[in-house]
Amino acid sequence: MIIRRPPDIAPSEITDPGVYNRRREFLAGLGLGLAAAALPGRALAVAAPAHGARFEGVVPNVVTLDEKATPFDSMTTYGNFYEFGPDKESPARNAHRLRTRPWTITVDGAVKTPKTFALDDILKWAPLEERTYRLRCVEGWSAVVPWVGFPFAELAKRAEVTGNAKFVEFWSLADAEQMPFVRIPFLDWPYVEAIRLDEAMHPLTILAFGMYGEVMPKQNGAPVRLVVPWKYGFKGAKSIVRIRFVEKQPETVWTKTAPDEYGFYSNVNPDVPHKRWSQANERRLGEFFRRRTLPFNGYAEQVGQLYTGMDLKRYF
Ligand code: MTE
């Protein structure tokens with residue numbers, strides 16, 4: 001492993017001028033956890049969480065796939081949530097520290113008036129739907145997840161977005177008291193991702209409040225995260241506290257960290273390799289053999305027209 005383990009990183013290093021090098025080191029480690037994780041029958045290093053409260057009245061099968069859902073235990077014990085640590089198991093180990101109530105989302109930027117909404121009110125805006133989407137991580141693993149949520153457009157409707165807005169930023173919580181690794185600047189906190197406004201308004205783009213019929217497990221981004229199924233998973237900011245509409249294409253946590261490796265668009269594209277590894281195939285969590293990666297993660301028919309005339313190798 002190239003990622004340095006938590007005990008190696010002393011808090012005194014935080015203001016260290018080697019921050020940049022540490023970021024490179026951290027980035028160099030991404031994708032390498034994969035090999036170990038692919039070993040069949042690997043014992044789980046962390047326990048799956050207890051099942052959470054179930055949502056009532058979820059509209060079933062609004063989007064389904066003819067593919068087996070990834071087991072709940074795999075989806076909750078292997079993932080990325082760097083605010084809780086740099087390796088795949090630290091979210092499951094540490095995310096219990098996250099307090100998900102009270103929770104608000106502030107909506108500001110290119111809107112008539114900035115507003116702050118309570119999560120429990122947001123949950124009443126529209127029927128919760130079950131939408132089973134493929135999730136493709138840029139590191140080469142993937143999953144099939146029955147999310148519970150509703151289109152982002154429901155929020156945009158209430159935000160009174162001005163005509164100048166062209167992009168949307170999604171800000172994750174960055175509270176060092178709950179998220180210990182926010183003290184360590186291996187990423188430029190807070191975790192902010194962004195997409196174009198028309199991508200955000202596409203009916204496949206959702207705010208997800210849960211998965212597998214239950215409230216979102218903390219390690220997967222409780223109480224609310226973004227899901228954009230045709231993009232690499234890192235576009236889906238977790239534990240969102242702020243949504244900002246902006247006029248110009250913004251920097252994101254990943255374009256700031258390594259612009260040559262993580263483009264703004266980050267549409268799943270098997271023909272555009274990552275600088276350090278191929279994107280041609282992927283391994284589903286819980287499976288052994290790799291499978292071919294599909295353009296736009298299999299959603300080309302639905303979203304291809306958003307990119308007509310764009311050179312997707314340049315705008316990767
Ligand atoms: N959001 C925040 N705030 N912090 C993160 O580290 N990781 C991203 C994304 N959202 C991340 C995040 C990455 S790299 C992926 S692949 C997905 O969350 C993983 O989601 P999962 O753990 O539910 O599979």
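**Exercise 1. Backbone angles that stand out**

Asn61 lies in strand S1; find what is unusual about its phi angle, and then treat Ser266 in the same way.

*Solution.* The structure is a predicted model, and the starting point is a general expectation. Most residues other than glycine have a negative phi, and most peptide bonds are trans. Asn61, although it is not a glycine, has a positive phi of about 50°. Turning to Ser266, we find that this residue is not a glycine either, yet its phi is positive at about 55°. Ser266 is placed in the loop between H8 and S12, and because its relative accessible area is 4%, under the 20% limit, Ser266 counts as buried.

**Exercise 2. Cis peptide bonds**

Which residue is joined to Pro102 by a cis peptide bond, and which one to Pro190?

*Solution.* Begin with Pro102, which lies in the loop between helix H4 (90-94) and strand S2 (104-109). The bond that joins Arg101 and Pro102 is cis, with an omega of about -10°. Next consider Pro190, found in the loop between strand S6 (167-172) and strand S7 (192-196); here the peptide bond from Trp189 to Pro190 is cis, and its omega is near -5°.

**Exercise 3. Buried or exposed?**

Decide for Glu56, Leu155 and His274 whether each is buried or exposed, and describe the surroundings of each residue.

*Solution.* Glu56 is found in the loop between helix H2 (33-37) and strand S1 (59-63). With a relative accessible area of 77%, which is over 50%, Glu56 is therefore exposed. In sequence Glu56 and Leu128 are 72 residues apart, while their C-alpha atoms are 8.8 Å apart in space.

Leu155 is part of helix H6 (residues 153-159), and because its relative accessible area is 0%, Leu155 is buried. Leaving aside neighbours within four places in sequence, Leu155 is in contact with Val107, Trp125, Leu207, Ile243 and Phe245. A further distance can be read for Ile122, which is 33 residues away from Leu155 along the chain, with 8.1 Å between the two C-alpha atoms.

His274 lies in the loop between helix H8 (253-257) and strand S12 (281-284), and its relative accessible area of 6% makes His274 buried. Not counting residues up to four places away in sequence, His274 touches Val138, Glu261, Tyr262 and Gln279. With one of these, Tyr262, the side chain of His274 makes a polar contact of 3.3 Å.

**Exercise 4. The ligand and its surroundings**

Where does the ligand sit, and which of the 18 residues around the ligand come nearest?

*Solution.* The ligand sits in the largest cavity. Of the 18 residues around the ligand, those that come nearest are Tyr82, Glu83, Arg225, Gly236 and Lys238. Three of these can now be followed to individual atoms. A polar side-chain atom of Arg225 lies 2.7 Å from an oxygen atom of the ligand, and an N or O atom in the side chain of Lys238 is likewise 2.7 Å from a ligand oxygen atom. Gly236 uses its backbone instead, with an N or O atom 2.8 Å from a nitrogen atom of the ligand. Of the 530 Å² of accessible area that the ligand has on its own, the protein covers 99%.

**Exercise 5. The whole chain**

How many helices and strands does the protein chain have, and what percentage of its 316 residues count as buried?

*Solution.* The secondary structure comes to nine helices and 13 strands, and 57% of the 316 residues count as buried. The chain exposes about 13,800 Å², of which carbon and sulfur atoms supply 55%.

Notes. Residues are numbered from 1 along each chain as its sequence is written. This is a predicted model: local features need pLDDT of at least 70, side-chain atom pairs count only at pLDDT 80 or more; totals for chains, interfaces and linings use all residues. Side-chain values use heavy atoms; hydrogens and water are left out. Helices (H or I, at least four residues) and strands (E, at least two) are DSSP runs, numbered from the N terminus. Buried means under 20% relative accessible area, exposed over 50%, partly exposed in between (1.4 Å probe, protein chains only). A polar contact is a pair of N or O atoms within 3.5 Å; within protein, one must be able to donate a hydrogen and the other to accept it, and residues adjacent in sequence count only if both atoms are side-chain atoms. Contact means heavy atoms within 4.5 Å. A residue is near a molecule or strand if one of its heavy atoms lies within 4 Å of it. Accessible areas come from the Shrake-Rupley method with a 1.4 Å probe; for residues, only the protein chains shown count as cover. On a 1 Å grid over the protein atoms alone, a cavity is a set of points where a 1.4 Å probe fits but cannot get out, and a pocket is an open set with protein on both sides within 12 Å along at least five of seven lines; lining residues have an atom within 4 Å of a point. A molecule sits in a cavity or pocket if more than half of its atoms lie within 2 Å of its grid points.
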